[in-house]
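Visitor: Please show me the model, and then let us go through one of its helices and the ligand site together.

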Amino acid sequence: MSVGAQTVGRTPGVGATATVKVPATSANLGPGYDCAGLALALTDTLEARLLGDGELEIDVVGEGADSVPKDDSHLVVRSMARGFAEADAHIPGLHLTCHNVIPHGRGLGSSSAAIVGGLVLARELMPDGHRILTAERLVSLATELEGHPDNVAPAVLGGMTIAWTHEAGGRAIRISPNPRLQPVVAIPTEPLATQRARELLPAAVPHADAAANAARAALLVPALTNHLELLHEATHDLLHQDYRRFAYPQSHALVTALRALGIPAMISGAGPTVIAIGVSDTGLDGQAVEAAVVKALAAQGGSATSDFRVEQLAVANDGAVAI
Ligand code: HSE
């Protein structure tokens, strides 16, 4: 992709601006490997202003400020270009400011936020954007850019999503999660690359594990909507967390300790963040779960307490929106 270097189609005017907020996401939710996801109320804000042909200026504030590229390989810029290409348009020139708060490489969907944010910026800026980049098309394009659909779907649709891939690309359905869910995250200071985590998975799993996992994954939908009492059983995974435990030993130990207390805890996405779900008006509400996480980390000893940031993060009902 090269800003300003493509054939001119229906290119929007210089000076046009758009600002988009896009949420963090937690994918997998235990057994829903590569399909289940939840949007979380931690949002990156992306601001775009179109400049004259070929000009490109990128400011990154917060997460990734010192590490992400500031050229046309920037993930938001590449995603914007992919969105514009849907209308045979191109970005003339661009000033992009990214206010990043979603931690990078922690399993909270920062790359999905960049991809979905870039596509939604394109939708806002280009002629006919809302007609061309429907929510369905956004999920499909974002899946193409990300490689799998489970993080991008909640970043587009908000709430809880079940996503899958089809010959025509990524697809997803949004489900309204129960408003009593009170997620708590324990975010390690050290990142883990999703690609490395994916390489740890075996090519095949025992049939009995696959069968048991299918039951738990199916249970996720009632458990997160109107059968909250099933949350602990529904979040039991047999496909990925144990295979990756050496890549995130402290997180794996934390999940194990919390689950032994009856708390629905799992690795968020490819890790290493841990997400545990409290339920309001019960003995294990968000506050109690947060206290249990802090206590379990202290019991792990060593540097566990200082190696994690623990906080409650509400479910985000909206996906990416223009503001
Ligand atoms: N489902 C992915 C994985 C992470 O666990 O590798 C999020 O896309």
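**A helix and a ligand site**

Guide: The face of α10 turned away from its buried side carries the exposed residues Gln287, Lys295 and Ala299, where exposed means over 50% relative accessible area, buried under 20% and partly exposed in between (1.4 Å probe, protein chains only). Helices (H or I, at least four residues) and strands (E, at least two) are DSSP runs, numbered from the N terminus. This is a predicted model, in which local features need pLDDT of at least 70, side-chain atom pairs count only at pLDDT 80 or more, and totals for chains, interfaces and linings use all residues. Residues are numbered from 1 along each chain as its sequence is written, and side-chain values use heavy atoms, with hydrogens and water left out.

Visitor: How far apart are the end C-alpha atoms of helix α10?

Guide: Helix α10 comprises the 15 residues 286-300, and the expected span of a helix is 1.5 Å times one less than its number of residues. The expected value of 21 Å therefore agrees with the separation of the end C-alpha atoms, which is 21 Å.

Visitor: Which residue just after α10 takes a positive phi?

Guide: The phi in question is about 70 degrees. The residue that takes this positive value just after α10 is Gly301.

Visitor: How far does a polar side-chain atom of Arg198 lie from an oxygen atom of the ligand?

Guide: Among the residues that surround the ligand (a heavy atom within 4 Å) are Asn28, Asn151 and Arg198. A polar side-chain atom of Asn28 lies 2.9 Å from a ligand oxygen atom; for Arg198, the distance from such an atom to an oxygen atom of the ligand is 2.7 Å.

Key
A polar contact is a pair of N or O atoms within 3.5 Å; within protein, one must be able to donate a hydrogen and the other to accept it, and residues adjacent in sequence count only if both atoms are side-chain atoms.
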